[in-house]
Amino acid sequence: MATYDLKITGGMIHEGEGGSPYIGDVGIKAGRIVAVGEAPGDADEVIDAQGCIITPGFIDVHTHYDGQATWDHRMEPSIKHGVTTAVMGNCGVGFAPVRESDHERLIKLMEGVEDIPGTALAEGLSWDWESFPDYLDALEKTPRTLDVAAMVGHDPLRVYVMDQRASFDQQANDEEIAKMRDLVSEALDAGAIGFATGRSDLHRTADGDWTPASEATTKELTGIASAFKGRDHGVIQAVSDFDLERDQSRFEEEWKVVEEYVRAAGGRPFSMSLMQRDFAPDQWRKILKGLEALDEEGYTVRAQVAPRAIGVFLGLQCTFHPFMGFPAYKEIADLPLDERVAVMKTDAFRKKILSQKSDKLAGPGSSIPPIADLLIENMEMVAGKLFTLSENPDYEQPPENAIGAKAEARGVSVWEELFDTVIARDGRELIYLPIYNYTELSYDNVLTMMQHPLAIPGLSDGGAHVGTVCDASFPSYLLSYWTRDRTRGPRIAPERAVQMLTGDIADYLGLSDRGRIKPGMKADLNVIDYQKLRLHPPRLVKDLPAGGQRLLQDAEGYRATIVSGEVVVRDDQVTEARPGRLVRAGRQEALAAE
């Protein structure tokens, strides 16, 4: 019998703790790492890692695979970017607990907030659960490439307990708060990894309504968070824009809600989204200052930060594009793409649409947030932040590359340049709009966020915003761009980048069985040809249930991605192995001892 099931030889080992890498071997047996550095003995399979780096499998703390994980065995795009564990249920949305009568309601919520086609969810979801423990059981039965962990979302929880009273202007009474707390306790007992709430004005249902949890009181949040007291596992999460669209002066009041929420959880770790918003460019510094104060009080708090701008792709195939509100475009919007483009390329149509203005997109019955109308109204300025990506996508482009600058150089209007761009490549061109983290058209502030001692990588939204973004590629981008390719400023050491993607997140989540390359750890690993690692341009594919389309982004350079000792990606291609399982939080130590 072979000493190992799998042995990786001659690679540069990054253990996941930020220390200097070293060349060595990794031996794997029964899904666990059993030898590191030297691994004498034979193996059933050997992966030659010479010239490659060996890292722990990446952990993505912020995804929305809540629906996809119940039907999709491949788990793209995250599996293409070295992710071996994905945490879902962020921002307060999800699909459990749920009554049968609320299936459509939760679909509309996810469709509006996370831009996942409702038709795909309606066809793909099996709904063979009601309680959150039932949902975990359903996840456990589904084989997949990578591991998933699930948080309880505040929105479905509120709908389940409050029914029609869960709308944004209704507040929970004491009995309802106690019921929500007890249901979270039940979920944590069953292995939920935490609880998440959303307080963002940008989040709307597909009908344009506020999300159920968006205006929950401090009393409600603290009551629910009390379910964590006395527990040794579980995290809490929040997303908030602090009522930015309505009243920027409400920051302090909203921050007090966050503080009480954190304190009520009995010391369990907390994280929240952090980004620079053009409309309040210094708000992120206030958030960091508030987190620092909580840290000084002794609470474990983290800021989820992105390694690049948080933006959207605009195009005729995407959820949004600049002309979608124009009367002339709406007349042809339902035509197939090729027919639409043929009409748009005529001189008569071009003249007609460029003489018009956009109708309002947001409002009652629309899931489109008011920021979309604001961007269109200010397109002359916004065009200074619109870019097209090349075959080697560049997300940190200088001002002279912007569509606004190109329009000026050609001597045409911004709208003319935009029109020519959206019909380019037979209507398949993508325009990149970095909405957040690019106020000064550089990543200086992004670097400051990432280097903050309370920061962890997050916000990839894997599985969500499928018609507008593909930020599940964040891990590949962080490792390739920030440690090797960046020329416009300082870089990050490769060993630190690996630690950020692995050990740091494992520690925050309390996942003691992964995130490091050490004997006894779960054999979740990446073998990466570091010099060849790069992103491909995003592409639209129609592979969701009911023919729904989504953006995918491939990477090259992954010699192998390994989950529980099985190779799930080999030479950038997903294999047939499906070792991924549900992570039941609080049970890793017991598993490691088996």
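Cys 91 is buried, with a relative accessible area of 6%. The structure is a predicted model, and in it the sulfur of Cys 91 lies 17 Å from the closest cysteine sulfur, which belongs to Cys 470, and this is too far for a bond. Beyond the cysteines, this briefing covers an open sheet of eight strands with parallel pairing.

**Cysteines**

- The count of disulfides comes to zero, where a pair of cysteine sulfur atoms would have to be within 2.5 Å to qualify.
- Cys 470 is in no disulfide either, since the nearest cysteine sulfur to that of Cys 470, the one in Cys 318, is 11 Å away.
- Like Cys 91, which has a relative accessible area of 6%, Cys 470 is buried, and its relative accessible area is 4%.

**The eight-stranded sheet**

- Read across the open sheet, the strands follow the order S6-S7-S8-S9-S10-S11-S12-S16, and their pairing is parallel.
- The edges are formed by strand S6 (58-63) and strand S16 (455-457), each of which has a single partner strand, so one side of each is left without a neighbour in the sheet.
- From one strand to the next, the twist of this sheet averages 30 degrees.

**Where S12 meets S16**

- Strand S12, made up of residues 301-305, runs parallel to S16 and is joined to that strand by three bridges.
- Within this pairing, Val 305 stands opposite Pro 457, a residue of S16, and S16 is itself one of the two strands at the edges of the sheet.

Key:
Residues are numbered from 1 along each chain as its sequence is written. This is a predicted model: local features need pLDDT of at least 70, side-chain atom pairs count only at pLDDT 80 or more; totals for chains, interfaces and linings use all residues. Side-chain values use heavy atoms; hydrogens and water are left out. Two strands pair if DSSP finds at least two bridges between them. Helices (H or I, at least four residues) and strands (E, at least two) are DSSP runs, numbered from the N terminus. Axes are lines fitted to C-alpha atoms, for helices over the stretch in contact, and angles run from 0 to 180 degrees between N-to-C directions. Buried means under 20% relative accessible area, exposed over 50%, partly exposed in between (1.4 Å probe, protein chains only).
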